Amino acid sequence: MKPTGALVLLLCGLLTGIISPGVRAAEWYEYQSENFTVYSDVPERRVNTLMRDLERFRRAALYFTGQEEIPENNNLRVFHFRDSDEFEQFTGDRKIAGLYRETWEGPIIFSRDGDHGISGSGLIFHEYVHHLMRERSGMTYPRWYSEGFAELLASAELRNKEVVIGGLPEWRLSAWADDDPLTIEQLLAPPPLAAQNGKDNSRYWNNYWNNYYASAWLLTHYLQLGHNAGHPDYRAATAAYLQAVAAGDNSFEIFAEHFGKSVEEIQREMLAYMRDDIQRHKLDIPAYQYSIPRRALTENERLYLLADEAVDFDKPKLAINYLKRSEQQGLGWQENLTAMATIEARDKNYKPGEKVLKEIGEHGQVSHLTAANLAQYYLLRLQALSLTREWNEEYYEQAIKYGKIAVQMGPDYLPGYRTLWTAYQLKGKSEEALQIMQAAYQQEPNHLNLNAAIGFYLAHLGKHALAREYLERVVAWSHSDQLRSSAQALLDRNQ
């Protein structure tokens, strides 16, 4: 499309005075391995090292669990920054190696180039194990096992000829400095998310959960690897026990039945193992040898990707800083223009959007990203009216129109579905909204945010039996205390 000079001047005028991110130090590329997509301006050799580490860790995790070597639904995306200043603008902390986030476009890793590489951050590997467990298993694991198993694999050491599983997670070394490990009974029944016994200070709970994760690692370590030190082999019993708990059996009542011993007996064995016999397990996992192709991102594509993540980090000014530098009339200009208009609409500034819509109306077909942005623009206008109990049928029809285009042209792009079902919800069309939610669920059944949206909406409609399976996944998967506690409260209220 060819935007008018007036439109360009309007957008540039609106954005005057905002500080731009630093000048690009290097060109950005998209790298593709079998299971990961990386966007980066880091030198190619270092990006290749990062991706080979990720692929090798993934193979070790699958081998250790006996999982088949088949791809997940979507490649996990990694944004790997050369510039620590730019990385900090997203994360707020240049000292961390990286972080993992669940987004509507799938899970992502944000990382910065450094001496230790991505394997220097146990958090990233920990969260990736959660991703693998959700993708590979239909089971909802109890929290102690989900976290303990993630800790067990996250501490993997990638050596030249082998991968070593079972080392003590360095990030948990402080857990037992002043406290003993939690008991198995405490692991099976963690406290509610609200602080108990008047101990509502954050330091107490940070220490408690640090101990919980370390203790979960210890129990999982013993059950999975203790047989290597001459202890009983509990792997089959653990698998059967987890299946029974997932089916609804009481975790305490069936413990002795599956393990052949009481909780107290296993506790004593575990502590003896901790004192004398902690074992590491070596896996012969060769280096990832396949080629890793790359392609240069266009300037508009790079800016859109980073702006999109800035919006997800709730940093609209940073997003605008990127988008305002878009190359006019270049490939992707339409997507970037509509993204800017949508961000402005969040602040109830609709003039840029009105100009953009006039331009786009003259040029026919749009991409799924442009359609999703336009649907979001109309939805924002509709939501603003709904606050004053007003309604605009044209806004609604346009949100539905562009939402449907976004879904049809980008069937794996969840934000398009989300805007569409939200518009139906505003109209009171719950059946249509649920149909769109289920269509999205067919694309991404293991998506945390999607399961939360479906579960909470079904509960809102009074369909508590249908909501239960989605809410149970939220409780099992989410690391957000607020989200988990809200889901748990609904489950408790409607048992």
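How many residues lie between E1 and E2 in the hairpin they form? Three residues lie between them. The model on screen is predicted, and this hairpin is the starting point of the tour.

**Stop 1: the hairpin and its other partner**

Select residues 29-32 for strand E1 and residues 36-40 for strand E2. The two strands run antiparallel and are joined over four bridges. To see one of the pairings, show Gln 32 together with Thr 37, its bridge partner in E2.

Keep E1 selected and add strand E9, residues 294-296. E1 and E9 also pair in the antiparallel sense, over three bridges. Here show Glu 30, whose bridge partner in E9 is Arg 295.

**Stop 2: the loop after E9**

Move on to Thr 298, which sits in the loop between E9 and helix H11. Is Thr 298 buried, partly exposed or exposed? Its relative accessible area is 30%, so Thr 298 counts as partly exposed. Now pick the C-alpha atoms of Thr 298 and Glu 327: they are 9.5 Å apart in space, with a sequence separation of 29 residues.

**Stop 3: helix H3**

Select residues 84-91, which make up helix H3. Begin at the N-terminal end, where Asp 83 acts as the cap. A side-chain oxygen of Asp 83 lies 2.8 Å from the backbone nitrogen of Asp 85. Beyond the other end of the selection, H3 is followed by Gly 92, with a positive phi near 80°.

Next show the side chains of Glu 86, Phe 87, Phe 90 and Thr 91, which are buried. Why are these residues on the same side of H3? They cover an arc of only 130° around the axis, and therefore share one side of the helix. In an α-helix there are 3.6 residues a turn, so positions three or four places apart point the same way.

To see what the buried residues of H3 pack against, add strands E3 (76-81), E4 (98-103) and E5 (106-112). Helices H11 (299-312) and H12 (316-323) complete the list of packing partners.

**Stop 4: the nonpolar cores**

Phe 90 leads from H3 into the largest nonpolar core, which has 79 residues. Phe 90 is among the members that touch the most other members, along with Phe 79, Phe 81, Phe 110, Trp 421 and Leu 450. Colour helix H15, residues 368-386, to find the largest share of this core, 10 residues.

Centre on Leu 450 and leave out its neighbours within four places in sequence. The contacts of Leu 450 are then Trp 104, Leu 414, Trp 421, Met 437, Ala 440, Tyr 441 and Glu 444. Another core, of 67 residues, lies apart from the largest one. Leu 50, Leu 76, Val 129 and Trp 217 are among its residues and can be used to locate it.

**Stop 5: Thr 422 in helix H17**

Select residues 414-427 for helix H17 and pick out Thr 422 within it. The relative accessibility of Thr 422 is 17%, which is why it counts as buried, the cut-off being under 20%. Beyond its neighbours within four places in sequence, Thr 422 is in contact with Leu 379 and Gln 383.

**Last stop: the whole protein**

Zoom out to show the full protein of 495 residues, 51% of which count as buried. Its secondary structure comprises 21 helices and nine strands. Of the contacts with a separation of 6 or more, 68% are between residues 24 or more positions apart. With a surface displayed, the accessible area comes to about 23200 Å², and carbon and sulfur atoms account for 47% of it.

Key:
Residues numbered from 1 in each chain as written. Predicted model: local features only at pLDDT ≥ 70, side-chain atom pairs only at ≥ 80, totals over all residues. Heavy atoms only, no water. Core = buried A, V, L, I, M, F, W, Y, C linked by side-chain atoms within 4.5 Å. Buried < 20%, exposed > 50% of the residue type's maximum accessible area, 1.4 Å probe, protein only. Contact = heavy atoms within 4.5 Å. Areas by Shrake-Rupley, 256 points an atom, 1.4 Å probe, with all protein chains shown as cover. Arc of directions from axis to C-beta. Polar contact = N/O pair within 3.5 Å; in protein donor to acceptor, adjacent residues only side chain to side chain. Pairing = 2+ DSSP bridges.
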